[in-house]
Amino acid sequence: MGSPDTFYTETAINTAKFESLNQHIDTDVCVVGAGLAGLSCAQSLRDLGKNVVLLEAKEVAWGASGRNGGFVSPGFANGQDYIERRLGLKAAQSLFSISLEGVKIISNNIETYNLDGVAKTHGKLSVLRYNNESLVRDHCINMQRKYDCELEFVDRDAMSNYAQTDSYFQGSLDKQAFHFHPLNYCLGLAQVIAKQGVKIFENSEVIDMQLDANNKVITTKNGSVTAKQVVLCGGGYSGKVYGKINKTILPIATYVITTEKLGNNIHDFVKTKAGIIDNRKASDYYRIVDNDRLLWGGRITAKTSEPKQLAQLIKNDVLNVYPALKDAKIDFAWTGLMAYARHQMPYIGKLKDGVWTCTAFGGHGVNTSAIGGRIIAEAVADTSERYKQFKPFKLQLNGGVFGPLASQTIYRGMKIEDWWRESRFN
Ligand SMILES: Cc1cc2nc3c(=O)[nH]c(=O)nc-3n(C[C@H](O)[C@H](O)[C@H](O)COP(=O)(O)OP(=O)(O)OC[C@H]3O[C@@H](n4cnc5c(N)ncnc54)[C@H](O)[C@@H]3O)c2cc1C
């Protein structure tokens, strides 16, 4: 099965394929799922001297990792306030610096391996859709004071230098964040780690895992792997074969579109090269790609099937902010699944002896999956116990058949909260 038709697949560079598994292999570690989490884990395991087999049901980065918005910034799907409330400031600071390490992993890989077509562009502007200057100012001050994270405050007047719209009031600019072409990053990284010795197999869906004995047996349709340790990295696509994990994640769909090439006109509205994201819980986020196309993401839903009017649905969101773009045609529209835990923090930890989970990165998964992969690799190789920092974020059942309902309810709750805040302050 090929990758979905997206702006990224259309502009993918390194499309060399890996063969599917049709033999038996004995190895140290088997990683299941070749998204950002699996690739990063395999890379770090190899760096630590382990023999690794990486199995992918479809193609490298076929899941969320090759279809996302491309925003790379520190933090987790749940905010620092939540982490601070749960664990206290010191632990929250440590986790924030872990999340920043994830940003650096991606950045270093792009530079060290000179990855093609990744188009790394600095800046992320977070904007408020209602007027509350002190809220944004305090946020910038707090992030600097508590987390040593420099954010530039953007006031209402200065906002028009970034975005020509009445929708936004104040904002904060994170200059160390960046955006990139996630698929080209993953495809490039896969080639690099394959050359370093990671055995990658595509079109090799794992259909059975025997994980109780010392030697774990992982089976695909035409082959099998025996490994001392297994790392589960299936993201929102983790099916029944993932056992307990499948019962503890909420797969949540979200959408992205890319417009036709809009010419210089688009720069009259989106005036910055930075990516823009609004501060709502169900946020819009967008950036300019390919010089003059608008890549826009947003909405979340528990319905994992693609809506018929996907392009129009998201275009309405674009017009809500930039009504002048009414004639812009949509060239690509796609959907992808994120994995959420109920606490909206990742599952980075040990399931049982020799079995590790590295998943549930939610909508803030580029940096966190990169560092999650590294931390699990360190645990497997017994070089650190950093995974223990994620112990408070335990596996929580997703509500079984009520799981989708639960996530839809969460989404509605987010929308109502967003509406309430905007109408109260505008
Ligand atoms: C549309 C969209 C926009 C997003 N935008 C952003 C953003 O801008 N910034 C950000 O930080 N995060 C964003 N995210 C979140 C981020 O992309 C994800 O959290 C992250 O990519 C998760 O990586 P992963 O490796 O855990 O999962 P995935 O990338 O989903 O990879 C899981 C892989 O496992 C494979 N797999 C599943 N079952 C099996 C099996 N049985 N056998 C073998 N392989 C299997 C799948 O085929 C898949 O390739 C977005 C997500 C989506 C969907």
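**The ligand shell and a helix pair**

In this predicted model, the ligand is surrounded by 44 residues, and the closest of them are G33, G35, G63, G235 and G365. Four elements each give two or more residues to this shell: the helices α2 and α9 (366–380), together with the strands β11 (250–259) and β15 (330–340). By residue type, the shell around the ligand divides into 22 polar, 18 nonpolar and 4 charged residues.

Helix α2, already met as a contributor to the ligand shell, also packs against another helix. It spans residues 36–47, and its partner is α7, residues 182–195. The axes of α2 and α7 lie 10 Å apart and form an angle of about 25°. Because angles under 35 degrees count as roughly parallel, α2 is roughly parallel to α7. The crossing of these two helices is left-handed. On the α2 side, the contact is made by L36, L39, A42, Q43 and R46, which meet C186, L189, A190 and I193 of α7. The residues of this contact divide into 7 nonpolar, 1 polar and 1 charged.

It helps to place these features within the whole chain. The chain has 17 strands and 10 helices. Its radius of gyration is 21 Å, close to the 22 Å that the globule rule gives for 426 residues, so the chain is as compact as a globular protein of that length. Along its principal axes, the C-alpha trace spans about 60 × 45 × 45 Å.

Key: Residues are numbered from 1 along each chain as its sequence is written. This is a predicted model: local features need pLDDT of at least 70, side-chain atom pairs count only at pLDDT 80 or more; totals for chains, interfaces and linings use all residues. Axes are lines fitted to C-alpha atoms, for helices over the stretch in contact, and angles run from 0 to 180 degrees between N-to-C directions. Angles under 35 degrees count as roughly parallel, over 145 as roughly antiparallel, 65 to 115 as roughly perpendicular and the rest as oblique. A crossing is left-handed if the near helix is turned anticlockwise from the far one by less than a right angle, and right-handed if clockwise. Two residues are in contact if their C-beta atoms, placed from the backbone, lie within 7 Å. Ala, Val, Leu, Ile, Met, Phe, Trp, Tyr, Cys and Pro count as nonpolar, Asp, Glu, Lys and Arg as charged, and the others, Gly among them, as polar. A residue is near a molecule or strand if its C-beta atom, placed from the backbone, lies within 6 Å of it. The radius of gyration is taken over C-alpha atoms; the globule rule is 2.2 Å times the number of residues to the power 0.38.
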